[in-house]
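User: I'm new to this one. Could you take me through the place where the two domains meet?

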Amino acid sequence: MKLSNQTLLFDADDTLWENYIYFDRAIADFITLLDHKQHSPEEVREHLNQWETATIARMGYGLGSFETALIACFEHLAETRLTDEQHARIRGFAHAIAAQPVELLDGVAETLRDLAARHCLALVTKGVPLEQLDKLERSGLKLLFSTIEVLPRKTPEAYAEMLARHDWPRATCWMIGNSPRSDVQAPLAAGLNVVHIPHRHTWELEHCEIAEPAAPQRLVRLERFAELAALF
Ligand SMILES: [Mg+2]
């Protein structure tokens with residue numbers, strides 16, 4: 001039986017539209033540019049993960065943070081300062097991500113339109129507000145959401161604060177997203193229900209173990225976005 005009158009909170013990147021694949025391509029280009037003689041591409045990737053974790057802690061998520069991590073990682077591994085040309089190339093990798101058209105994932109537009117007729121839909125993403133709002137504008141989905149939240153981080157505390165601010169009751173509130181850490185573990189810890197729709201490519205820094213919630217709290221796993229229409 002379908003649930004009625006729920007508050008559905010949607011992650012954006014890699015839930016509604018492609019995102020990580022562009023970073024993956026930029027990182028592959030970065031590894032080619034660095035052309036390291038001692039470290040394998042996998043080792044360079046490991047180093048970059050550490051630089052990304054450090055820059056995210058300092059600057060938050062977003063393309064500026066990503067570019068800073070690429071530059072720091074390059075200079076560390078190359079043991080030299082970037083030339084102007086290398087600097088321009090790295091900036092180009094980050095800019096290429098921003099210039100990507102928004103590619104909606106399968107079934108997203110139709111399913112959201114269907115759900116919006118029966119439920120309250122909100123977009124709950126993280127990162128730099130301007131970058132996320134720009135993608136939402138270009139996605140053509142903006143009018144389907146009654147609320148848009150761009151959180152600096154998706155922690156249990158951030159979810160709890162957001163629920164309190166909007167007066168959204170936990171029992172009828174669902175977070176729907178691809179990321180085990182940000183969209184599943186954190187909202188479960190804050191008492192929300194969750195639908196996990198894994199994306200075939202998910203950022204390593206977002207992987208984590210997930211404990212099953214105790215009833216009545218629910219965790220539902222779906223393979224495809226369109227399957228939401230059978231649940232809600
Ligand atoms: Mg996501």
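Analyst: Let's start with the salt bridges: the rule finds 0 of them across the interface of domain 1 and domain 2, a salt bridge being a side-chain nitrogen of Lys or Arg within 4 Å of a carboxyl oxygen of Asp or Glu. On the side of domain 1 that touches domain 2, there are 8 charged residues, along with 4 nonpolar and 3 polar ones. Here Asp, Glu, Lys and Arg count as charged, Ala, Val, Leu, Ile, Met, Phe, Trp, Tyr, Cys and Pro as nonpolar, and the others, Gly among them, as polar.

A word on the source: this is a predicted model, where local features need pLDDT of at least 70, side-chain atom pairs count only at pLDDT 80 or more, and totals for chains, interfaces and linings use all residues. Residues are numbered from 1 along each chain as its sequence is written, and side-chain values use heavy atoms, with hydrogens and water left out.

As for the pieces themselves, domain 1 covers 7-17 + 103-231 and domain 2 covers 20-98, with bounds from an automatic or database domain assignment. Their C-alpha centres lie 28 Å apart. The contact (heavy atoms within 4.5 Å) takes 15 residues from domain 1 and 16 from domain 2.

Together the two domains bury about 1,300 Å², 52% of it on carbon and sulfur atoms; that is the accessible area (1.4 Å probe) lost on being put together, summed over both.
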